[in-house]
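Colleague: Before I plan anything at the bench, could you take me through what can be read from this model, one site at a time?

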Amino acid sequence: MAEKKINLTLNVWRQQAGQEGAFETYQAENIDTNASFLEMLDVVNENLTCAGKEPIAFEHDCREGICGSCGALVAGKTHGSHDRSTLCQLHMRSFEDGDELTIEPFRADAFPVIKDLIVDRSALDQIVSSGGYVSVKTGSAPEASTIPIEKNFADAAMDAAACIGCGACVAACPNGSAMLFTSAKVSQFALLPQGAPERASRVKEMVETMDRLGFGNCSNEYECAVACPKGIDVKHIARLNREFIASRTRKKK
Amino acid sequence: MKNTRFLLSSIGQKLLLATSGTIMFLLFLVPHMGGNVLFLFGKDIFNSYAHHLHKLVPIVIGIEVLMLVSISVHMIMAARTTWANRKAASSRHSQKGSKERSLAARLMPWSGIMIFAFIVIHLANFKFYEKSKTMLDGHEVYDVYGMVLSRFQGDLWYVGVYLFFMVAVGLHLSHALQSALQTYGVYVPRTGSKIKAASMWIATGMASTFAIIPIIAYLN
Amino acid sequence: MVELNANIPEGPMAEKWTRHKFGVKLVNPSNKRKYKVLVVGTGLAGASAAATMAELGYQVESFTYSDTPRRAHSIAAQGGINAAKNYPNDGDSTHRLFYDTVKGGDYRSREANVHRLAEVSNQIIDHCVAQGIPFAREYGGNLANRSFGGAQVSRTFYARGQTGQQLLLGAYGALQKEISKGSVKMHTRCELIDVVTIDGRARGIITRNLVSGEIERHVGDAVVLATGGYGNVFYLSTNAMNCNASAAWRACKKGALFANPCFTQIHPTCIPVHGDYQSKLTLMSESLRNDGRIWVPKKKSDSRPASEIPEDERDYYLERKYPSFGNLVPRDLASRNAKEICDAGYGVGPTGDAVYLDFSEAIGRLGRDAIEARYGNLFEMYNRITDDNPYETPMMIYPAVHYTMGGLWVDYNLMTTVPGLYAIGEANFSDHGANRLGASALMQGLADGYFVLPNTVNNYLADLERDSVDVSHPAFVKAEQTASAKLDKLLAIKGTRTVDDFHRELGLLMWNECGMARSEAGLKKALEELPKLRDAFWSDVNVPGSGDDLNQALEKANRVADFLEFAEFMLRDALDRAESCGGHFRLESQTEEGEALRDDEAFAYVSAWEFKGVGEEPVLHKEPLVFEEVPLSQRSYK
Ligand SMILES: Cc1cc2nc3c(=O)[nH]c(=O)nc-3n(C[C@H](O)[C@H](O)[C@H](O)COP(=O)(O)OP(=O)(O)OC[C@H]3O[C@@H](n4cnc5c(N)ncnc54)[C@H](O)[C@@H]3O)c2cc1C
Ligand code: HEM
Ligand code: FES
């Protein structure tokens, strides 16, 4: 944990709701390389506040890479690195003294900017709303051990379920597509017996909602998977495609 | 109604794109390439192939209609998706892609347009072109071989344009083939994928094979 | 005068809940939609309660300050969730889970509530499996279990290291389902800033829209607070940054009693603080203590790197002091010992506030691969944060605030002392006594939300007389005015110190005087300093920007203002409770060997504090605790 201090120049996107935004330049001085990226922004904000300026608005909560709140495009990369980490897990030792960083919100048509680095990702909730669950009423569940599930399938479902809903996939996709996000949910339930009854309607509804909300299409370029802090794989997109095709035939039964 | 909704959904459009592309690939590019290879075996064999092809007129017309439908569907769907994609990501500023994003993928709409332009030029040059006759096994047949030869001979500029278009075909296919599989739900891994490699090799092989004719014809 | 009636049902312990469910009044299905329940919080407790009550037919409105319900702090829980399934056939039962929880809570919880918790624990697992939560499985396809601190059976269900996330996403899915049906109205980025009572009953809430800054009024027939714990009063904790005490505190100011505020849990294995810029602390799973050995140098302020300190100059102090449990003593003991040894000058690392957790012996014995298989992801996480490689150098750890057992006082129905106001999840006090066992918070949050509250809220609603109260009622107008006046005041100060600066100072004060060890003198000193800090805040805080758009500094200031008031309850409670129990260690109450000494004669009660005004001394009400099933005994881990 060697201690080292660095200085950085930040070009930060500043924007008020409903107004045009622009980049502004700030100096981040004397930053401990053991600090996290968000802690660096905290320091900058404390200084801005003391100088009578408005601090940079950015979203964060858990600061340990699980809640999916944080995220910004740093030097052109979502979450600042393509290293399976969220912005809150990125540490300043990844940067060099004198670096100049451009910091921007996660951009996509479906993610309007609310303020500075904060965007509205509620479209992702709407996708889930349209079928990303098993419709089981509390109290109606059978004894948990009734249905054994092959370990491979449970593990694969967990791989898909690890999504934190941060939206980096959408921001990284050249088409602003939410396929990786949607496919992770569809996949999780397609792999488990509990998901079977609603399998066809789930995928149909979720894709329809995704389309309606202004996300782009998948052109299989896989930028999403490079950006995903949780390593969600594009095999789920392939599965989503299969599920979607199968939903046509399944329904007719 | 249900079907239109299915087909015009994001995934539906991609399925149409992949299907029309695959039809063009399997029923047009592959046989066409096969035919072209015969060029290497000399005038008689090539002209005989062309002659026999002309005897299969009903089938050829059927395929031509299918091609027309395919390319129309392909272009309409390509335009729709590309348009929606541009719009969905219209607000980008400092975004850089990762190393992952291949040139071929980036250039899909452009390589596609090149292919279309090429097809138009190509048809104008070879299909709707006055052809002279020649003798084959005592019959009078069109001298397709001679036509091709004369078109390329001595015209370096034309050969260059042709080769340029072949690069476009190669690029388009190298992304398209594996991408279509993923669209159909066949998992194409992000890294170390054999399918991706195969797609690249097939595309390169195909574009090179097509490129051989103008080169040989030019050198002839 | 407040009456404390826990409303514990009659009958034998194992039958109370069943009898109670039969005894409560019901609301006819077609009448349910006439009642509106406001649920604040979308963590495990809130999301599960909102979804279930909507399924039952109530009109539900749900609130969270996050941009989506799925980001609630519950998402961060790693370890797992307990249930008495006894799948491993190792002798577990509802009774044993009940027993362990009461004992683990150091006999400061209410038996009847804990028994009910153990009873519904199995239903939670059934339900979560049916929701498609990918719990870990064995090769045969059955659910896997592991053991967790404080229990001798394997009863913990888990989904990799992301159990909280998976359970929350299950509850979130259920909530989204109800939202899409229109039976839940969701308000995101919407923070409760007051509770509205009319004729002594809870009738609504005042919220601030965090995007537009608008103050809004919401009316309902019952209000449920599922707003989590108050660990962030310490500034640094393992809680998410936005966790706060405001909802509970505002409820307290409207008449709800606050129970056992001094019961806070300090987790022993967290990554130490490394600088002033530090914003939060990261928990490292407790399981690390199964193979890691804890030590410090025998020499004070030894600055040599760990590798240069020979074996005989290392003090494995837990193994030395507790030969039978060694490094596996309960959380509170492990934490307290680390603090003591660091305070005595033996700590390591740049700040001196850390001890080593060393795997070299385990790596030597089991091989690096075995250790990697067990803890690989944790080692990677540690490496990411500290840049140190725990395979080569020992980890450095230090205790950190993790969970708060105290909370709003609730009766058996989970209702506070304000009729119609409920508290569930970490926001209430009921089930964990003075110390929570690992993997029990998730269980409690979901028990409250899926199975308890939906079965008790009807008892209240069934008797409710319909009236025509709406948001134009003077009580709403007044509450809104008070709340917005407070925000205006915060914005008007424009002093010289930032909100974080005050929060940090408060945190340090609380950590020093009301943290791992508490003394009468220290608490009294803190009670003198706190009002000064509060005054300084109100005269010198700098909240930039305005109130009519998204203003994170203002949100924070409003929360810190509440912490500054609430902290006083913690100090007073800690001062009143002159015994040591669970997470509460009073220096005056220890055995000759320095172990915690509980005083059941004098303190076998729940302390429920009544707010009397800021700076005024609160009034203590006592709910006596009776132990019928689990005999009182002193814990020993020697
Ligand atoms: C790092 C960590 C690991 C843990 N691991 C485990 C574990 O392995 N097993 C276990 O059992 N427990 C564990 N716990 C404890 C457990 O996670 C929590 O106690 C539990 O999740 C609390 O759930 P909750 O629903 O009560 O509250 P929370 O999840 O904290 O939710 C609170 C909700 O209230 C909302 N809210 C709060 N105030 C307001 C307001 N004023 N206005 C509007 N909305 C508001 C928030 O937006 C949020 O939605 C862990 C805790 C931590 C910190
Ligand atoms: C011989 C002719 C052609 C063949 C064999 C072909 C083949 C394909 C195939 C197989 C795909 C992949 C579909 C998928 O990703 O699932 C594709 C994509 C594409 N094609 Fe073609 N194509 C041809 C001509 C054209 C033409 C003429 C155009 C446009 C003018 C075009 C534009 C595109 C575009 C833009 C895409 C990518 C769309 C996306 O993924 O978003 N193609 N093509
Ligand atoms: S703040 Fe939670 S993931 Fe970064």
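Modeller: Gladly, with the caution that this is a predicted model. Around ligand 1 there are 36 residues, and the closest of them are Thr64(C), Ser74(C), Leu192(C), Glu426(C) and Leu442(C).

Colleague: How far is a polar side-chain atom of Glu426(C) from an oxygen atom of ligand 1?

Modeller: Oxygen atoms of ligand 1 have several polar partners in chain C, including a polar backbone atom of Ala45(C) at 3.0 Å and a polar side-chain atom of Thr64(C) at 2.7 Å. For Glu426(C), the partner is likewise a polar side-chain atom, and its distance to an oxygen atom of ligand 1 is 2.6 Å.

Colleague: What percentage of the area that ligand 1 exposes when taken alone does the protein bury?

Modeller: Taken alone, ligand 1 exposes 1000 Å². Of that area, the part buried by the protein is 98%.

Colleague: Which element gives the largest share of the shell around ligand 1?

Modeller: Four elements of chain C give two or more residues each to this shell, namely helix H3 (44-56), strand E7 (190-198), strand E16 (395-404) and helix H12 (441-461). By class, the shell holds 17 nonpolar, 16 polar and three charged residues. The largest share, three residues, comes from E7(C).

Colleague: Turning to ligand 2, why is the site shared between chains?

Modeller: Ligand 2 is surrounded by 25 residues, and the closest, Lys14(B), His74(B), His172(B), Ser179(B) and Thr183(B), carry the letter of chain B. The site nevertheless counts as shared between chains, because the residues that surround ligand 2 come from chains A and B.

Colleague: Which residue has a side-chain N or O atom 2.6 Å from an oxygen atom of ligand 2?

Modeller: A nitrogen atom of ligand 2 lies 2.8 Å from a polar side-chain atom of His74(B), and the distance from a polar side-chain atom of His172(B) to a nitrogen atom of the ligand is also 2.8 Å. The contact you ask about involves an oxygen atom of ligand 2 instead, and its partner, at 2.6 Å, is in the side chain of Thr183(B).

Colleague: How many residues does H2(B) give to the shell around ligand 2?

Modeller: At least two residues of this shell come from each of H2, H4, helix H6 (108-127) and helix H8 (156-183) of chain B. By class, the shell has 15 nonpolar, nine polar and one charged residues. The share of H2(B) is the largest, and it amounts to seven residues.

Colleague: Is Leu56(B), in the nonpolar surface patch, buried, partly exposed or exposed?

Modeller: The patch covers about 620 Å², and Leu56(B) is one of its residues, together with others including Leu26(B), Val30(B) and Ile63(B). Helix H2 (10-38) and helix H4 (57-88) of chain B give two or more residues each to the patch, whereas Leu56(B) lies in the loop between helix H3 (43-55) and H4. Its relative accessibility is 43%, so Leu56(B) counts as partly exposed.

Colleague: Which side chain makes a polar contact with that of Thr134(B)?

Modeller: Thr134(B) belongs to strand E1 (residues 133-136) of chain B, and at 13% relative accessibility the residue counts as buried. Its side chain makes a polar contact, at 3.4 Å, with the side chain of Lys43(B).

Colleague: Finally, how far apart in space are Ser219(A) and Pro229(A)?

Modeller: Ser219(A) is found in the loop between helix H6 (199-212) and helix H7 (223-227) of chain A, and with a relative accessible area of 17% Ser219(A) is buried. In sequence Ser219(A) and Pro229(A) are ten residues apart, while in space, C-alpha to C-alpha, their separation is 21 Å.

Methods
Residues are numbered from 1 along each chain as its sequence is written. Chains are lettered from A and ligands numbered from 1 in the order in which they are written. This is a predicted model: local features need pLDDT of at least 70, side-chain atom pairs count only at pLDDT 80 or more; totals for chains, interfaces and linings use all residues. Side-chain values use heavy atoms; hydrogens and water are left out. A residue is near a molecule or strand if one of its heavy atoms lies within 4 Å of it. A polar contact is a pair of N or O atoms within 3.5 Å; within protein, one must be able to donate a hydrogen and the other to accept it, and residues adjacent in sequence count only if both atoms are side-chain atoms. Accessible areas come from the Shrake-Rupley method with a 1.4 Å probe; for residues, only the protein chains shown count as cover. Ala, Val, Leu, Ile, Met, Phe, Trp, Tyr, Cys and Pro count as nonpolar, Asp, Glu, Lys and Arg as charged, and the others, Gly among them, as polar. Patches are made of residues with over 30% relative accessible area and no salt bridge: like charges are joined within 9 Å, nonpolar side chains (Val, Leu, Ile, Met, Phe, Trp, Tyr) within 5 Å. A salt bridge is a side-chain nitrogen of Lys or Arg within 4 Å of a carboxyl oxygen of Asp or Glu. Buried means under 20% relative accessible area, exposed over 50%, partly exposed in between (1.4 Å probe, protein chains only).
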